[in-house]
Amino acid sequence: MKIIILGAGQVGSSVAANLVSEANDITVVDQDADLLRELQDRFDLRTVQGHGAHPDVLARAGAEDADMIIAVTNSDETNMIACQVAYTLFHTPTKIARVRAQSFLDQPKLFGSDALPIDVAISPEALVTEYILRLIENPGTLQVLDFANGRIRLVAVRAFHGGPLVGQELRALHEHMPHVKARVAAIYRQDHAIQPEGDTRIEVDDEVFFVAAPAHIRTVMSELRRLDPSYKRLIIAGGGNIGMRLAKALEPSFRVKLIEQNYKRSQQIAEHLERAIVLHGDAADQELLLEENIENTDVFCAVTNDDEANIISAMLAKRLGARKVMALINRPSYVDLVHSGAIDIAISPQQATIGSLLKHVRRGDVVMVHALRRGAAEAIEAIAHGDPNSSKVVGRRIAELKLPKGAMIGALVRGEDVLIAHSDTVIESEDHVILFLQDKRRIQEVERLFQVGVTFL
């Protein structure tokens with residue numbers, strides 16, 4: 001696909017890195033020449049310096065024959081106007097805009113062909129908030145990702161000594177829980193992927209990905225580790241868009257404290273929250289954390305705009321006794337640095353956001369994409385179309401499919417039913433197929449598998 005990305009910041013460069021690796025024709029537009037030069041040094045792509053909403057700049061970027069425009073600058077207004085210009089002057093088929101302000105997102109009538117012609121409005125802040133909420137609602141998890149409107153989830157957990165399934169073969173999972181719908185989709189041992197088979201043994205410290213219906217997640221986790229008690233007391237560091245959203249969503253069910261360094265901002269937040277306690281101060285202030293009983297805190301979540309501040313305050317909170325600490329980290333190199341360290345969960349906004357963009361780039365009918373393992377792996381939800389004559393998957397048993405190496409089908413969603421995949425499961429037309437792909441570079445093989453032949457209309 002020929003794709004124009006407006007904005008070479010953290011989101012734009014992350015999107016470019018993901019898409020250029022899949023042989024797409026990428027052009028990045030930004031006003032900062034240094035950022036563009038840095039991108040060109042790292043990737044095989046074109047760059048254009050200029051304002052992304054200006055017609056002449058879009059023309060130089062090749063908007064006349066572009067398949068998609070992804071506007072992810074730091075300005076909502078620039079992103080929205082750029083989509084309008086691309087639609088009106090260049091008839092760009094797909095237009096995606098990053099929209100951060102909640103006041104815009106609260107007005108769905110704004111987005112559509114009869115108003116602002118934006119096909120997809122994405123809010124990284126909203127996506128990150130949802131990501132963190134699922135982690136808090138499922139204690140002990142490393143990742144919780146929704147498919148088929150939440151009817152099936154992919155969950156990542158670390159196996160601990162003492163879990164009933166640890167040290168045993170995977171086939172024992174069904175013997176332990178014959179009525180539970182679940183399947184192990186992937187295992188990572190010391191950062192190396194292991195293809196799960198019936199005789200694969202789970203070891204201590206393995207990172208295990210499994211698919212299960214939401215009602216069965218805790219049951220499966222109990223086989224891999226001692227279950228964490230539900231969280232009650234939370235401290236959020238940072239009162240920006242994400243911190244504010246988190247506090248608002250969590251305050252009805254949890255005891256929430258929010259720490260914000262800017263006095264005026266802390267006052268504004270306090271006016272919008274009903275039950276959460278808003279504190280004016282520095283989240284890396286040891287005395288403040290001790291005064292607020294950090295040792296009795298279940299989750300400390302650092303979500304300021306400063307990576308270093310998030311890392312330091314989370315590490316301090318952990319040392320002072322917080323049960324679980326999370327840190328929002330934008331720089332990929334920092335995410336790798338703190339992985340498996342003193343910080344329990346490093347949250348990457350780019351990885352939380354990229355999936356919502358990738359599903360519009362994938363060929364075939366792909367309705368959901370989640371980036372995993374810091375972008376190296378993917379989980380996708382694809383819809384099978386056609387009949388046995390026009391489709392490579394419809395009417396065939398899973399064992400017959402020519403899946404690429406490292407790919408596994410974990411589950412099918414058929415209407416309202418969730419079916420855990422087995423080798424003799426037959427895929428039907430309109431099934432939602434949940435796949436785990438250990439190496440995202442094999443995605444084109446999966447796309448070809450789900451494309452429908454010309455005999456099907």
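Over residues 1-122 the chain is 38% helix and 22% strand, and the C-alpha atoms at the two ends of this stretch are 20 Å apart. Helices (H or I, at least four residues) and strands (E, at least two) are DSSP runs, numbered from the N terminus. Please keep in mind that this is a predicted model: local features need pLDDT of at least 70, side-chain atom pairs count only at pLDDT 80 or more, and totals for chains, interfaces and linings use all residues. Residues are numbered from 1 along each chain as its sequence is written, and side-chain values use heavy atoms, with hydrogens and water left out.

Let us begin with the annotated spans. UniProt, in an unreviewed entry, places the feature "domain: RCK N-terminal" at residues 1-122 and 231-347. The same kind of record places "domain: RCK C-terminal" (unreviewed entry) at residues 142-226 and 367-452. UniProt positions are given in the numbering used here, feature names are shortened, and annotations may be inferred rather than shown by experiment.

| Span | Helix | Strand | Distance between end C-alpha atoms |
|---|---|---|---|
| Residues 1-122 | 38% | 22% | 20 Å |
| Residues 142-226 | 15% | 34% | 15 Å |

A domain assignment divides the protein into domain 1 (2-122), domain 2 (233-351) and domain 3 (352-450); such bounds come from an automatic or database domain assignment. The centres of domain 1 and domain 3, taken over C-alpha atoms, are separated by 28 Å. Their contact (heavy atoms within 4.5 Å) takes 14 residues from domain 1 and 13 residues from domain 3.

How much area is buried between domain 1 and domain 3? The value is about 1,000 Å², and carbon and sulfur atoms give 67% of it. Buried area is the accessible area (1.4 Å probe) that two parts lose on being put together, summed over both. N18, E22 and I122 supply 44% of the area that domain 1 buries against domain 3, more than any other three residues.

Between these two domains there are 0 salt bridges, a salt bridge being a side-chain nitrogen of Lys or Arg within 4 Å of a carboxyl oxygen of Asp or Glu. There is 1 residue pair in polar contact between domain 1 and domain 3 (both at pLDDT 80 or more). A polar contact is a pair of N or O atoms within 3.5 Å; within protein, one must be able to donate a hydrogen and the other to accept it, and residues adjacent in sequence count only if both atoms are side-chain atoms. On the side of domain 1 that touches domain 3, helix 1 (10-20), strand 4 (68-71) and strand 6 (120-122) each supply at least two residues.

Salt bridges do occur in the model: the count comes to 24. One pairs R189 with D206, with the closest N and O atoms 2.7 Å apart. R189 lies in strand 9 (residues 182-189) and D206 in the loop between strand 10 (192-194) and strand 11 (207-212), so the pair ties together parts that are 17 residues apart in sequence.
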